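Hi everyone, thanks for making time this morning. I'd like to walk you through one structure, so please have the viewer open and follow along.

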Amino acid sequence: MSKATRPADGSFADVLPELDYWKIGLSLVITFFFAFFLAPIWTGIVTSFKTSGAVTATTPLTPPLGDGFTVEKWARAIDHLSTGFINSLIMTIPSTIATVFLGSTAAYGLTLVDWGKRAQFAVLILFLVGIFIPYQAVLVPLSDFWINIVPLAEVLAPVWELSFMEYAHARLLSLTITHIVYGIPLCMLLFRGYYLTLSDELVEAAKIDGASITTIYRRVVLPLSKPMVGVVFIYQFTAIWNEFLFSLTLIGSSSSPAATVTLVLSGLGTDLSGIDFGLRMAGALFAALPTLIIYAFFAEEFAQGLAAEN
Amino acid sequence: MANLTLSGTTKIFDDGGEDIVAVNDLDLDIEDGEFVVLVGPSGCGKSTTLRMVAGLDTPTSGTISIGDEPIQNKRPQERDIAMVFQSYALYPHMTVRENMSFGLEESTDMDDDEIRETVEDAAETLGITELLDRKPGALSGGQQQRVALGRAIVRNPEVFLLDEPLSNLDAKLRAQMRTELQQLQNDLGVTTVYVTHDQTEAMTMGDRIAILDGGELQQLGTPMQCYHEPANVFVAGFLGEPAMNFFNLERDGDLLVSDAFRYELPSEIATAVDGKTDVTLGVRPESVEITDEVDESEHNLIPATVDVVEPHGDENAVHLRLGDSDQANLTVMVDGMRYLASGQDVGVRFPPDAIHLFDGATGEALHNRELTNVEQVEEIGTAQSA
């Protein structure tokens with residue numbers, strides 16, 4: 001009997017494409033991780049379009065159907081968050097630009113400008129120490145600094161007379177400055193790594209061509225830093241936009257007119273009647289939009305920068 | 001145009017508490033419009049010297065002047081010099097035109113039209129007009145080299161500094177650029193200091209060459225002077241390819257003796273080594289004569305065995321073993337048509353008028369080869385620099 005079936009087995013195997021177990025395994029792993037990472041985002045998106053009833057009635061992964069679909073949560077989220085959103089933009093964009101600029105000039109001064117190797121090293125150490133100061137350790141001194149030592153609100157008193165400015169906005173300014181100061185060391189380190197790979201002869205050639213230290217930075221070093229600027233910009237923008245602890249410490253309340261988007265988001269959709277998941281999801285996705293846009297904008301520079309760093 | 005003078009120029013680097021003397025008490029007087037090549041092995045201080053002239057390094061002591069004006073404390077942009085770097089150091093984000101305009105924009109009051117004109121003139125001189133709107137990354141090594149030269153010549157400097165500008169080119173292009181550079185320098189008439197480790201470049205390009213070793217100037221002279229009348233063993237061995245043959249010998253009266261052979265000095269040469277016991281005999285590969293017949297009785301004929309023959313086409317480099325030594329210790333250049341087989345026994349002759357003698361202890365030249373007369377060397381020298 002077995003003898004008779006053998007030729008049939010052989011021909012059946014010939015028909016099948018050759019199975020590569022390695023490839024099959026790889027595809028399975030990739031599919032698993034794809035689903036694993038996408039599931040929460042998918043859940044967030046579908047939940048944000050569901051009515052409160054549909055959120056409780058359906059499983060998180062099912063899309064909203066029929067009566068369960070609504071854009072009302074998004075409308076409310078945008079309405080609630082818009083002030084915080086604008087506050088965050090007002091704070092994040094200048095602080096990111098300032099950090100990137102100051103970080104790169106600091107790195108330039110510590111690598112490509114010659115003013116004493118030992119002094120440069122000493123300053124570099126200070127920067128490195130700056131990176132490792134934990135946020136929690138500075139919260140109390142920080143708020144003390146902005147309230148008692150440099151009370152911006154009082155210093156800038158005439159500004160609050162303007163119709164669109166409020167007293168509380170001083171706190172937004174202190175937050176912006178805090179982020180700049182806190183961001184410089186790490187940005188400096190990223191730029192430093194990049195500048196060390198630039199050839200010394202390039203700077204020397206510019207010196208002989210008659211360029212001053214600032215001109216060399218402006219016309220040679222900065223244009224060549226483009227890939228690294230992309231990396232640092234994305235990194236810094238995301239970090240500052242998503243930051244919560246400093247906002248909470250310096251602004252305090254999510255109802256303040258200076259509250260940042262993260263601060264407002266923390267209280268969104270929670271009240272005595274429970275948690276409005278749809279609203280929270282819509283708010284979270286809305287608040288994440290700028291970081292996604294920044295990634296899309298700087299993706300090319302980001303990739304170049306990472307390649308240059310390695 | 002101006003002459004460039006270095007006097008007592010010294011550069012000491014501090015390497016973690018340890019002093020490294022890169023350039024020691026260097027005196028150089030480079031005349032207006034002259035092409036001087038600084039040559040020597042790596043670490044001899046030639047690049048440091050150039051960087052000090054450029055203002056990229058500050059001398060520890062001594063002065064550097066252009067014309068009669070000391071410049072050692074001036075910043076590079078105030079020195080009226082232009083430099084071509086080994087890596088070319090072109091600004092990668094700028095087009096060729098922008099690269100060449102940069103120096104003019106930064107260090108002169110020229111308006112845009114003047115700059116454009118100057119850049120285009122220089123580009124035409126160098127044959128790179130069609131490259132003006134490209135970026136350095138899109139150019140070949142030879143083209144980048146020309147752009148780097150262009151960037152230097154648009155500045156119309158008093159002194160032109162070149163730091164191993166040809167070392168990144170392939171051999172053929174290098175030979176071509178050598179000639180072009182010389183022509184260019186001739187046309188422009190700019191005082192030029194050229195740094196290289198390549199003795200061929202030094203010999204072929206310089207009006208005069210300065211040979212450095214260990215931060216010290218070994219000899220300054222026309223290529224022919226340095227070649228035929230080396231000041232010491234180092235210069236003699238550094239110039240010439242293949243290098244001069246050296247033998248450390250002991251003097252016994254008019255006789256020079258080693259394990260491998262004996263060489264009797266003519267009495268008029270022997271006076272030069274009076275009072276010395278250790279003597280280094282030097283003889284250039286092209287000066288040695290090879291005889292197929294080994295006539296034991298012939299005066300000063302040294303028996304030798306052919307080890308390896310390297311054909312160069314027009315001539316052959318023959319490596320020989322003298323006496324019963326087990327390694328090739330003599331290189332001789334013979335005509336390319338002359339057939340010598342490996343293992344063949346031959347005789348070699350060191351013509352007395354072609355030998356150099358150096359002090360065995362200090363390496364200083366005691367006697368140099370005879371050309372018909374001293375004027376001949378001078379003549380060769382001046383003919384070259386004219």
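**A walk through chains A and B**

Let's start with a pair of helices: helix 3 of chain B passes helix 4 of chain B in a right-handed crossing. Before I go further, please keep in mind that this is a predicted model.

Back to that pair. Helix 3 covers residues 112-126 of chain B and helix 4 covers residues 141-153 of chain B, and they pack at an angle of about 135° with their axes 9 Å apart. An angle of that size makes helix 3 of chain B oblique to helix 4 of chain B, because only angles over 145 would count as roughly antiparallel. Which residues make the contact? From helix 3 of chain B they are Ala122(B), Ala123(B) and Leu126(B), and from helix 4 of chain B they are Arg146(B), Leu149(B), Gly150(B) and Ile153(B). Sorted by class, that gives 5 nonpolar, 1 polar and 1 charged residues.

Let me zoom out to chain B as a whole. There are 10 helices and 21 strands in it, and its C-alpha trace spans about 80 × 45 × 45 Å along the principal axes. Of the 386 residues in chain B, 38% are buried. If you like contact maps, here is one for you: among contacts in chain B with a separation of 6 or more, 64% are between residues 24 or more positions apart.

Now the sheets. One open sheet in chain B has 6 strands in the order 13-12-11-14-20-21, with antiparallel pairing. At its edges stand strand 13 (262-264) and strand 21 (365-367) of chain B, each with a single partner strand, so one side of each has no neighbour in the sheet. From one strand to the next, the twist averages 40°. Inside that order, strand 14 (residues 278-283) and strand 20 (residues 355-359) of chain B are joined by 5 bridges in the antiparallel sense. If you want a residue to click on, try Val279(B), which is opposite Asp359(B) of strand 20.

A second open sheet in chain B has 5 strands, in the order 15-19-16-17-18, and its pairing is antiparallel. Strand 15 (289-291) and strand 18 (330-335) of chain B are the edge strands, each pairing on one side only. Neighbouring strands here are turned by 45° against each other on average, ignoring direction. Strand 16 (residues 301-311) and strand 19 (residues 345-349) of chain B run antiparallel and share 5 bridges. One place to look is Thr305(B), whose bridge partner in strand 19 of chain B is Asp345(B).

Finally, where do the two chains meet? 14 residues of chain A are in contact with 17 residues of chain B. Helix 9 and helix 10 of chain A are the elements that give two or more residues to chain A's side, and helix 9 gives the most, with 6 residues. By class, that side has 7 nonpolar, 3 polar and 4 charged residues.

So why call helix 9 of chain A largely enclosed? Because 7 of its 9 residues (200-208) are buried; among them are Leu202(A), Val203(A) and Ile208(A). The buried residues of helix 9 pack against helix 10 (213-224) of chain A, and also against helix 1 (46-54) and strand 6 (81-84) of chain B. After helix 9 of chain A comes Gly210(A), with a positive phi near 100°.

That's my tour. Thanks for listening!

Note on methods: Residues numbered from 1 in each chain as written. Chains lettered and ligands numbered in written order. Predicted model: local features only at pLDDT ≥ 70, side-chain atom pairs only at ≥ 80, totals over all residues. Buried ≥ 20, exposed ≤ 12 C-beta atoms within 10 Å, placed from the backbone. Helix = DSSP H or I, 4+ residues; strand = E, 2+ residues; numbered from the N terminus. Contact = placed C-beta atoms within 7 Å. Pairing = 2+ DSSP bridges. Axes fitted to C-alpha atoms, helices over the stretch in contact; angles between N-to-C directions. Parallel < 35°, antiparallel > 145°, perpendicular 65-115°, else oblique. Left-handed = near helix turned anticlockwise from the far one by under 90°. Nonpolar A, V, L, I, M, F, W, Y, C, P; charged D, E, K, R; others polar.
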